[in-house]
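Let's take a friendly walk through this structure, starting with one residue and working outward.

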Amino acid sequence: QVQLVESGGGLVQAGGSLRLSCAPSGRTFSRYAMGWFRQPPGKEREFIASINWSGEDTSYVDSVKGRFTISRDNAKDMVYLQMNSLKPEDTAVYYCHVDYSPYGGSANYAFRVGSGGYWGQGTRVTVSS
């Protein structure tokens, strides 16, 4: 059974940093693009960042550009989201997602989510002011 397990969430003060990890299990996804999404309290889930299968191509939503960095280690089959200069508005449940087909790019990742793939269970990030 395929699972994605996020970790690294927690409570942090504004201006602080957290590093989220996403660990797939059940199969390898080293040839699949992956993305990070978040769902703030009372709001819909939104795209944050994506990375292509090789790690050479990334995309970000404007609100996190320059603060968040998505990366992957295919040897370990892990995807990360380094979050710096955190703001209270970054408070959300963060989810990782793996693309439904291999060798996808990072662009337009949010539009491919509806076609399938797998979601993690989420990890909560709370940023206090």
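## R112 and its partner

In this predicted model, R112 counts as buried because its relative accessible area is 18%, and buried means under 20%. The residue sits in helix α1, which spans residues 109–112. Beyond its neighbours in sequence, R112 touches A33, D99, Y100, G104, G105 and A107.

Among these contacts, D99 forms a salt bridge with R112, with the closest N and O atoms 2.7 Å apart. D99 lies in the loop between β9 and α1 while R112 is in helix α1, so the pair ties together parts that are 13 residues apart in sequence. D99 is buried too, at 2% relative accessibility.

## Other salt bridges

How many salt bridges does a search of the whole structure find? The count is five. One of them joins D90 and R67 at 2.7 Å, N to O. D90 lies in the loop between β8 and β9 and R67 in the loop between β6 and β7, so this pair ties together parts that are 23 residues apart in sequence. Both D90 and R67 are buried, and they are linked with R38 and E46 in a network of salt bridges.

K65 and D62 form a salt bridge as well, at 3.1 Å between the closest N and O atoms. Here D62 is exposed, with a relative accessible area of 59%.

## The nonpolar cores

The largest nonpolar core has 25 residues, of which W36, F68, L81, M83 and Y94 touch the most other members. Strand β9 gives the largest share, four residues. A second, separate core of five residues includes A33, F47, Y109 and V113.

Conventions. Residues are numbered from 1 along each chain as its sequence is written. This is a predicted model: local features need pLDDT of at least 70, side-chain atom pairs count only at pLDDT 80 or more; totals for chains, interfaces and linings use all residues. Side-chain values use heavy atoms; hydrogens and water are left out. Helices (H or I, at least four residues) and strands (E, at least two) are DSSP runs, numbered from the N terminus. Contact means heavy atoms within 4.5 Å. A nonpolar core is a set of buried Ala, Val, Leu, Ile, Met, Phe, Trp, Tyr and Cys residues joined through side-chain atoms within 4.5 Å. Buried means under 20% relative accessible area, exposed over 50%, partly exposed in between (1.4 Å probe, protein chains only). A salt bridge is a side-chain nitrogen of Lys or Arg within 4 Å of a carboxyl oxygen of Asp or Glu. Lists of a residue's contacts leave out its neighbours within four places in sequence.
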